[in-house]
Number of protein chains: 2
Amino acid sequence: MDTSLRSTLHERGLRMTPQRQLVLDAVRELGHATPEQICTQVQRAAPAVNITTVYRTLDLLERIGLVRHTHLGHGAPTYSEREHQHVHLVCHSCGEVSETPTELMDALAARLRQESGFELDVTHVALSGQCGDCRAANAR
Amino acid sequence: MDTSLRSTLHERGLRMTPQRQLVLDAVRELGHATPEQICTQVQRAAPAVNITTVYRTLDLLERIGLVRHTHLGHGAPTYSEREHQHVHLVCHSCGEVSETPTELMDALAARLRQESGFELDVTHVALSGQCGDCRAANAR
DNA sequence: TTACATGCAAAGGGTTTGCATAACT
DNA sequence: AGTTATGCAAACCCTTTGCATGTAA
């Protein structure tokens with residue numbers, strides 16, 4: 001099914017395995033998920049798969065550019081498809097994670113590039129704050 | 001020396017202790033530092049202080065608003081004085097952490113507030129990317 | 001003499017490593 | 001055969017918890 005994965009691996013002398021396909025599938029299905037969540041999902045299809053393999057595979061998929069990880073602040077990072085570019089907003093009151101288009105960061109990225117030569121990676125860390133709902137609840 | 005710490009604690013029925021003063025001092029001296037680094041610094045003056053106490057004290061100092069922590073992405077968070085407001089930029093090539101004024105984020109914060117009611121906490125997570133030096137080195 | 005703080009040890013999440021086995025090429 | 005991939009167990013880092021002791025109001 002995933003010939004692009006197979007051939008990308010092959011180019012680098014790496015092998016296609018059921019585990020690798022399953023991990024990639026899980027990342028795609030779950031959207032943004034922690035290694036633990038991905039492992040659980042994979043184990044629905046193949047219970048014997050070990051979490052070590054999940055970690056190693058996520059690493060590999062990231063190196064070959066198919067997935068990326070984002071630090072939401074606390075706890076484990078979450079993995080998602082490389083294509084799924086968005087900025088994560090984490091509410092530190094309710095913990096909710098929402099997504100917002102990366103264009104929001106364009107002006108900031110341009111300023112950083114210009115003023116300090118820093119090339120911003122918009123997706124790698126989440127922005128933290130308080131979401132609208134929690135602000136409203138707090139105001140009461 | 002630190003009457004404001006003493007009285008803030010006292011208002012809440014909490015006690016001033018040498019450990020608490022030492023931890024606050026260390027946070028101030030080190031700028032932005034992990035609990036482990038803070039512990040090492042504290043132990044220069046008082047070797048018996050346990051890292052558990054450092055964690056508990058950082059928690060306490062954060063609750064009473066004297067310090068804050070920032071997630072740099074990987075690994076342990078770093079603590080700094082509340083007053084020292086700045087945005088952290090972390091280079092994921094060389095790991096260097098630099099600081100930049102929070103005003104840089106004002107426009108973004110305003111947009112987020114308006115468009116999604118999200119109140120951005122500019123200091124709580126670092127921005128990630130590649131610093132000027134590493135970009136130059138990479139270009140070679 | 002009661003509440004709060006500390007130190008120590010143990011447990012807890014999350015992740016990595018070493019090594020033997022298994023599966024490709 | 002020789003390389004690569006997996007599973008398992010153990011180690012690792014960072015942090016929290018339980019409990020006994022210690023210390024201040």
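**Strands, symmetry and two DNA strands**

Colleague: Which residue of β4(A) stands opposite Leu89(A)?

Modeller: This is a predicted model. Strand β3 of chain A covers residues 87-91 and is joined to β4(A) by four bridges, the two running antiparallel. Across from Leu89(A), in β4(A), is Ser98(A).

Colleague: Which strands stand at the edges of the sheet, and why does each have one side left without a neighbour?

Modeller: The sheet is open, has four strands with mixed pairing, and follows the order β4(A)-β3(A)-β6(A)-β5(B). A strand at the edge has a single partner, so one of its sides lacks a neighbour in the sheet. The strands in that position are β4 (97-100) of chain A and β5 (119-120) of chain B.

Colleague: What angle does helix α6 of chain A make with β6(A)?

Modeller: Helix α6, residues 132-139 of chain A, packs on the sheet. The helix touches β3 and β6 of chain A as well as β5 of chain B. Its direction and that of β6(A) make an angle of about 30°.

Colleague: What relation do chain A and chain B have?

Modeller: Chain B is superposed on chain A, with an RMSD of 0.1 Å, by a rotation of 180° and a shift of 0.0 Å along the axis. That rotation and shift therefore give the relation of a two-fold axis. The same surface serves both copies, and the share of the contact residues of chain B that recur in chain A is 100%. The relation asked for is that of a two-fold axis.

Colleague: Which elements give two or more residues to the surface near DNA strand C?

Modeller: DNA strand C is surrounded by 20 residues, with Tyr55(A), Pro77(A), Thr17(B), Arg20(B) and Thr53(B) the closest. A phosphate oxygen of this strand lies 2.8 Å from a polar side-chain atom of Arg20(B), and a base oxygen is 3.4 Å from a side-chain N or O atom of Arg15(A). The elements giving two or more residues are α3 (35-45) and α4 (51-63) of chain A, with α2 (18-30) and α4 (51-63) of chain B.

Colleague: How many Å separate a phosphate oxygen of DNA strand D from an N or O atom in the side chain of Tyr55(B)?

Modeller: Tyr55(B) is one of the closest residues among the 20 that surround DNA strand D. Elsewhere on this strand, a phosphate oxygen lies 2.8 Å from a polar side-chain atom of Thr53(A). For Tyr55(B), the separation from a phosphate oxygen is 2.4 Å.

Colleague: What percentage of the atoms of DNA strand D within 4 Å of the protein belong to sugar or phosphate?

Modeller: The surface near DNA strand D has seven nonpolar, seven polar and six charged residues. On the DNA side, the atoms within 4 Å of the protein divide between sugar or phosphate and bases. The share for sugar or phosphate is 62%.

Methods:
Residues numbered from 1 in each chain as written. Chains lettered and ligands numbered in written order. Predicted model: local features only at pLDDT ≥ 70, side-chain atom pairs only at ≥ 80, totals over all residues. Heavy atoms only, no water. Pairing = 2+ DSSP bridges. Contact = heavy atoms within 4.5 Å. Axes fitted to C-alpha atoms, helices over the stretch in contact; angles between N-to-C directions. Near = heavy atom within 4 Å. Polar contact = N/O pair within 3.5 Å; in protein donor to acceptor, adjacent residues only side chain to side chain. Least-squares fit on C-alpha atoms with pLDDT ≥ 70 in both. Nonpolar A, V, L, I, M, F, W, Y, C, P; charged D, E, K, R; others polar.
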